[in-house]
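Work through the following exercises with the sequence and the coordinates at hand. Each task is followed by a solution in steps.

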Amino acid sequence: MKKKVLITGGTGFIGSHTAVEFINEGYKVLIIDNLSNSQIEVLKGIEKITGIKPEFYNFDLTDKQKTENFFKEHQNIDAIIHFAAYKAVGESVEQPLKYYQNNLISLMNLLEMMDRYQSTSFVFSSSCTVYGEPDELPVKESTPVKPAISPYGNTKQIAEEIIRDYMNVKPNLKSIALRYFNPVGAHESAEIGELPIGVPANLVPFITQTAIGIRKQLSVFGNDYNTPDGTAIRDYIHVVDLAKAHVVATNRLLENKNKNNFEIFNIGTGTGISVLEVIKSFEKVSGQKLNYKIVERRAGDVEQVYADTSYANIELGWKAEKSLDEMMLSAWNWEKKLHSNQ
Ligand code: WQD
């Protein structure tokens with residue numbers, strides 16, 4: 001009998017890549033998504049890659065009745081992978097209640113259903129944003145969490161605390177939070193990838209949209225940081241490596257290998273890369289010069305954050321494998337594919 005996973009937010013960027021890896025691993029995949037920040041055509045992309053179209057349920061997880069009805073209908077879900085959340089840092093500053101309501105009510109509804117319908121394993125999409133401007137580099141899971149600089153980041157911190165408090169009183173449940181660093185790139189097939197709506201806030205989609213001609217010029221937010229080339233440093237990780245980490249984390253829980261019923265892992269490459277190094281890699285793999293200019297720093301940006309991944313490497317037996325060039329080439333191939341269809 002196939003193990004069954006529910007992927008919330010499964011038509012999103014990371015969710016869709018994770019669905020592919022679970023299907024490749026032999027799991028049956030169900031997706032819940034309200035399509036507020038993704039497109040239903042993503043299901044076709046998953047099917048083209050795997051030959052299997054996941055069961056799809058279109059509703060909002062903040063609707064408790066609909067969420068309960070779903071679990072009544074699907075009692076034997078082995079694990080829940082929870083991506084569904086708003087994640088635009090800037091928007092969260094403008095509309096904090098939208099973020100607290102959506103991201104936290106949906107989480108609490110899911111946790112309640114886990115207990116009621118005995119879906120015992122929960123993998124949560126957390127973020128390195130919880131470290132803020134970190135006290136130490138590379139950041140460990142034990143590095144102190146800093147007061148969030150955005151309501152979005154705060155919803156991730158509060159979510160981890162809600163899960164921790166709930167696991168403390170539900171010994172029959174177990175959870176892993178994965179703190180992502182910067183997910184970039186796309187599946188090598190270019191059948192799925194990042195679909196930013198409107199002007200991309202994130203670096204890599206802005207780069208590929210500039211290269212393909214949608215954007216005139218990339219603004220590099222500051223080159224006066226205390227870093228080798230002056231631009232800010234991040235830990236960019238290929239979205240497929242990140243997706244695989246969810247399968248490994250789920251297998252750990254289903255095989256009862258977890259050491260306690262709430263564990264946290266940094267999911268990055270362990271290598272800090274600057275904005276200019278990302279641009280250089282992109283120019284190399286695309287064979288074209290990128291039009292960019294250095295401008296002022298962006299408010300809220302941290303100077304450097306990258307992961308100490310030894311805990312995930314040892315405990316999960318997981319390690320990121322793809323290089324920065326592979327991340328950039330896959331992102332570029334996806335951008336070109338997007339525009340070949342239009
Ligand atoms: C990366 C670097 C920018 C755009 C955010 C969220 C984080 C997570 C990942 C959800 C920074 C620079 C960017 C541009 C630039 N999201 N940059 N010009 O800010 O590290 O993380 O996305 O979980 O929570 O905070 O990612 O891609 O926006 O920026 O120079 O047009 O690129 O200053 O140094 P970030 P990013």
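**Exercise 1. A loop histidine**

Task: Setting aside neighbours within four places in sequence, find which residues histidine 187 is in contact with, and decide whether histidine 187 is buried or exposed.

Solution. The model is a predicted one.

Step 1. With neighbours within four places in sequence left out, the contacts of histidine 187 are His17, Val20, Ile49, Ile192 and Val240.

Step 2. Histidine 187 sits in the loop between E7 and H7.

Step 3. The relative accessibility of histidine 187 is 11%. Buried means under 20%, so histidine 187 counts as buried.

**Exercise 2. Helix H1 against helix H8**

Task: Describe how the axes of H1 and H8 cross, and sort the residues of their contact by class.

Solution.

Step 1. Helix H8 covers residues 239–254, and its axis comes within 8 Å of that of H1, with a crossing at roughly 60°.

Step 2. This angle makes H1 oblique to H8. The crossing in which H1 passes H8 is right-handed.

Step 3. On the H1 side the contact is made by Phe13, Ile14, His17, Thr18, Glu21 and Phe22. H8 contributes Val239, Val240, Leu242, Ala243, Lys244, His246, Val247 and Thr250.

Step 4. By class, the contact of H1 with H8 has eight nonpolar, four polar and two charged residues.

Step 5. Two of these residues return from Exercise 1: His17 and Val240 are in contact with histidine 187.

**Exercise 3. The seven-stranded sheet**

Task: Give the strand order of the open sheet, and explain why one side of E3 and of E11 is left without a neighbour in the sheet.

Solution.

Step 1. The order of the seven strands is E3-E2-E1-E4-E5-E6-E11, and the pairing is parallel.

Step 2. E3 (55–57) and E11 (262–267) stand at the edges and have a single partner strand each, so one side of each has no neighbour in the sheet.

Step 3. On average, neighbouring strands of this sheet are turned by 20° against each other, with direction ignored.

Step 4. Helix H1 (residues 13–24) packs on the sheet and touches E1, E2 (28–32), E4 and E6 (174–180). The direction of H1 makes about 170° with that of E1.

**Exercise 4. Pairing register around E5**

Task: Trace the bridges from E1 through E4 and E5 to E6, and state how many residues of E5 are buried.

Solution.

Step 1. E1 (residues 4–8) pairs with E4 (residues 79–82) in the parallel sense over four bridges. Here valine 5 is opposite alanine 79 in E4.

Step 2. E4 and E5 are also paired in the parallel sense, over four bridges. Isoleucine 81 is opposite valine 123 in E5.

Step 3. E5 and E6 pair in the parallel sense over seven bridges. The bridge partner of valine 123 in E6 is isoleucine 176.

Step 4. E5 (residues 121–127) is mostly covered, with seven of its seven residues buried. Ser121, Val123, Ser125 and Ser127 point one way, while Phe122, Phe124 and Ser126 point the other way.

**Exercise 5. Helix H7 and its partner H9**

Task: Establish how many residues of H7 are buried, what they pack against, and how H7 is oriented to H9.

Solution.

Step 1. Nine of the 10 residues of H7 are buried. They are Leu203, Val204, Pro205, Phe206, Ile207, Thr208, Gln209, Thr210 and Ala211.

Step 2. These buried residues pack against E7 (182–184), E8 (218–221), E10 (236–238), H9 and H11 (324–340).

Step 3. H7 (residues 203–212) and H9 (residues 275–286) pack at about 40°, and their axes are 11 Å apart. H7 and H9 are therefore oblique to each other, and the crossing is right-handed.

Step 4. Leu203, Val204, Ile207, Thr208 and Ala211 in H7 meet Val275, Val278, Ile279 and Phe282 in H9. This contact has eight nonpolar residues, one polar and no charged.

Step 5. Just after H7, glycine 213 has a positive phi of about 105°.

**Exercise 6. Valine 275**

Task: Decide whether valine 275 is buried or exposed, and list its contacts beyond four places in sequence.

Solution.

Step 1. Valine 275 belongs to helix H9.

Step 2. Its relative accessible area is 13%. The cut-off for buried is under 20%, so valine 275 is buried.

Step 3. Beyond its neighbours within four places in sequence, valine 275 is in contact with Leu203, Val220, Thr231 and Ala232.

Methods. Residues numbered from 1 in each chain as written. Predicted model: local features only at pLDDT ≥ 70, side-chain atom pairs only at ≥ 80, totals over all residues. Heavy atoms only, no water. Pairing = 2+ DSSP bridges. Helix = DSSP H or I, 4+ residues; strand = E, 2+ residues; numbered from the N terminus. Axes fitted to C-alpha atoms, helices over the stretch in contact; angles between N-to-C directions. Contact = heavy atoms within 4.5 Å. Parallel < 35°, antiparallel > 145°, perpendicular 65-115°, else oblique. Left-handed = near helix turned anticlockwise from the far one by under 90°. Nonpolar A, V, L, I, M, F, W, Y, C, P; charged D, E, K, R; others polar. Buried < 20%, exposed > 50% of the residue type's maximum accessible area, 1.4 Å probe, protein only.
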